[in-house]
Amino acid sequence: MYLKILQQIRILLDLHPDRKRFKLEYKKELNRQARMMQIPGSIIGIFAWLGFAFKTDPKLHPEFPELFYFRIGLSLLCFFLFILIVYSRIFRSEFFAKGLIWSYLVFGYVLFVTAFFTGRIAYDTAYVSGFQMVIMILPFIPFPRTAILFFYPTSILIFIFSIWIYAPNLDSVEVSYSMQNLAISYGLGTFSAFVIERFRFRTFLSHKRIFKKNSQVNKVISETRELKNKQDGDYFLTSLLFNPLLGKETESNNIKIESVLNQFKKFQFRNKEYQLGGDYVSVYNLILQGKRYKAFINGDAMGKSIQGAGGAIVLGAVYNSIIIRSKMDPSSSNRSPERWLHDCYLDLQKVFETFDGAMLVSAVIGLLEESTGTLYFINLEHPWLVLYKNGQAKFIENNIYYYKLGVMETNSETFVSVFQMEKGDKVFCGSDGKDDLVLSETGNSRIINEDQDLFLRQIEAVNGNTKQLVDALRNVGKFSDDLSLLSLEYTTEPNPPVGGHFLKAKKLFSQKNYDDALYLLLSYGSATDISVPELKLITKLYEKKDDILKAMEFASLALENLPSDTNWIFHTSVLYKRMFSVYKSLSFLLESRELAERVRLRQPSNIRNLIHLADVCRLSGDKDRFTYILKQIQKLEPNNPRLKALKDKT
């Protein structure tokens, strides 16, 4: 029986050996908890007893005026401590860093003063009940056990001492009842204080143990982090190679270009965040045949993080070398946009073929002419280009004609797509990261977007705003791959509008009144004021008058203003050939061949152009090219009657 009682007392007192071991740390934790109570406790203490001091006490106990000073004393003490606390926190003073000092002062004042004046008027059961409330506050204040053992016995002695001095009348039944409640309050308060303090210490001990385990885990994490830092260092060096390859020559008066490159792999190195992946976006200024272009590329290399980045670096390095060569070599810059794109594709393909299919890249390579808004591009198994026009988004293409860069079995006939942009048109190209959004994710299963029109709807939702587009996609789903976007907006009117004389001149043309029609169309102040349809009509009028030289002049001017018209390029090429037949100048024949080659790069299966090109090659004496073109015609239309005529001329 005696041992059980001792055991219960030991449990209550929590005589744990770790109390000595962690004595200082535990006291520091109590100070931290008490510090959280300083400001709200001081504010409560300032106003807590004012109502009693000015209203209640004078009415109930006018014979005890000293009560007023006890009450006001608490307000003054808390106000003084509040000022010191605010001062110490503003000026980072250590005066009140130990929150227990504040707790000892405030609670000690409240408990001891309450014990004293309650003992004097112990016959008033209401005041005794108030004293009981003060007693029950102690368990909830983060005091050490020594404070519990000090405050309760001391307050009891003060209470008894006050009764002994002032000898209040305690003979009534009500007083006896309140004294019993007071004794119970002390008992419950003491028990509760020890139980809560024990729980407080056990919680502190658990945190210490968790902290110890965390330190072990942190050690493992530190070792892992060290390995990761080495890996991130490799990533960082790779990113140093990658970033200089990103061309950003986007300034232009006629074209607004915006790009987004958000690689999926993010890593930290030297407290800075970097990204690494297989997407690549570049825009450069380029001059070809005296015209200014924006040369752009958007690529997506196969593989994740470091593997994809390797492909993107190879793509960027080769593409940059092509750009530099085109800027510095006069012969390279004297190529048509179609020829430049075709050669660029071949150079890239030859490099990636050396990897034997281990490194594949989808890409869009393009040129945008600044003066006319003519867009030339080759899509190498990349997501289709999107046109945003008048609030609606749609795909420019609807088929894939080429394999990725690096695929060994490529199409023998490469052709360049051409699209004529108008003022306000905006073209988007981007990697498949914009489409491969994770719509929902549950456990190990996730749903990936398969709707290719989702991207179109998001473009329309943000009114074609490239910066808002990324956020709109992020709101739909989570990115699962690298994301790259490039937008090109044409902001100017490329050609003058059709004049008022056009319809009348066209009617005169149908009536074979060529002179009056020419007079109307040539009545404009300058040739630059004449629209493309009018320039074409003037060309045909001069052809009817057999003035081939003048026809050639206006045909070239129409082509200069609208190079996207493939049929007109063919028409102009035929005119140059006619010029050769009249003037016998080889330069006309070479120009005819250049234009016919441009048509072939756009439309490899155009039989009329191939027959025309073959004849031009024959006339210029290029037998090898002539023979090659004949073979192409033979494949497409072996029974074409003009094919036999060309063969007979060899």
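**Exercise 1. Is the crossing of α20 and α21 left-handed or right-handed?** Work out how these two helices lie against each other.

*Solution.* Note that the model is predicted.

Step 1. Locate the helices. Helix α20 covers residues 566-583, and helix α21 covers residues 586-602.

Step 2. Take the geometry. The two axes come within 8 Å and cross at roughly 160°.

Step 3. Classify the angle. Angles over 145 degrees count as roughly antiparallel. Therefore α20 and α21 are roughly antiparallel to each other.

Step 4. Give the hand. α20 and α21 make a left-handed crossing.

Step 5. List the contact. From α20 come T566, I569, F570, T572, S573, Y576, K577, M579, F580 and Y583. From α21 come L586, F588, L589, E591, S592, L595, A596, R598, V599 and R602.

Step 6. Sort by class. The contact of α20 with α21 has twelve nonpolar, four polar and four charged residues.

**Exercise 2. At what angle do α16 and α17 pack?** Then describe their contact.

*Solution.*

Step 1. Find the helices. α16 spans residues 502-510, and α17 spans residues 514-521.

Step 2. Read the packing. The angle is about 165°, and the axes lie 8 Å apart. That makes α16 roughly antiparallel to α17.

Step 3. Add the hand. α16 passes α17 in a left-handed crossing.

Step 4. Name the partners. α16 brings F502, K504, A505, L508 and F509. α17 answers with Y514, D516, A517, L520 and L521.

Step 5. Sort them. Eight residues of this contact between α16 and α17 are nonpolar, none are polar and two are charged.

**Exercise 3. Which residues of α23 and α24 meet?** Set the pair out in the usual order.

*Solution.*

Step 1. Start with the geometry. Helix α23 (residues 623-636) and helix α24 (residues 641-648) pack at about 155°. Their axes are 11 Å apart.

Step 2. Classify. The pair α23 and α24 is therefore roughly antiparallel.

Step 3. Give the hand. α23 passes α24 in a left-handed crossing.

Step 4. Name the residues. F626, L630, I633 and Q634 of α23 meet L643, L646 and K647 of α24.

Step 5. Sort them. The contact of α23 with α24 divides into five nonpolar residues, one polar and one charged.

**Exercise 4. Which helix gives the largest share of the lining of the largest pocket?** Describe the pocket on the way.

*Solution.*

Step 1. State the volume. The largest pocket holds about 710 Å³ of space.

Step 2. Look at the centre. The pocket is lined by 28 residues, and A48, W49, V110, V134 and I137 lie nearest its centre.

Step 3. List the helices. At least two lining residues each come from α4 (38-48), α5 (50-60), α6 (66-90), α7 (99-120) and α8 (125-137).

Step 4. Pick the main contributor. α7 gives the largest share, eight residues.

Step 5. Sort the lining. In the largest pocket, 20 lining residues are nonpolar, seven are polar and one is charged.

**Exercise 5. How many cavities of 30 Å³ or more does the structure hold?** Describe the largest cavity.

*Solution.*

Step 1. Count. The structure holds one cavity of 30 Å³ or more.

Step 2. State the volume. The largest cavity has about 50 Å³.

Step 3. Name the lining. I378, N379, E397, N399, I400, Y401, Y402, F415 and S417 line the largest cavity.

Step 4. Sort the lining. The largest cavity is lined by five nonpolar residues, three polar and one charged.

How values were computed: Residues are numbered from 1 along each chain as its sequence is written. This is a predicted model: local features need pLDDT of at least 70, side-chain atom pairs count only at pLDDT 80 or more; totals for chains, interfaces and linings use all residues. Side-chain values use heavy atoms; hydrogens and water are left out. Axes are lines fitted to C-alpha atoms, for helices over the stretch in contact, and angles run from 0 to 180 degrees between N-to-C directions. Helices (H or I, at least four residues) and strands (E, at least two) are DSSP runs, numbered from the N terminus. Angles under 35 degrees count as roughly parallel, over 145 as roughly antiparallel, 65 to 115 as roughly perpendicular and the rest as oblique. A crossing is left-handed if the near helix is turned anticlockwise from the far one by less than a right angle, and right-handed if clockwise. Contact means heavy atoms within 4.5 Å. Ala, Val, Leu, Ile, Met, Phe, Trp, Tyr, Cys and Pro count as nonpolar, Asp, Glu, Lys and Arg as charged, and the others, Gly among them, as polar. On a 1 Å grid over the protein atoms alone, a cavity is a set of points where a 1.4 Å probe fits but cannot get out, and a pocket is an open set with protein on both sides within 12 Å along at least five of seven lines; lining residues have an atom within 4 Å of a point. Grid points are joined across faces, edges and corners, and a volume is the space filled by probe spheres set on the points.
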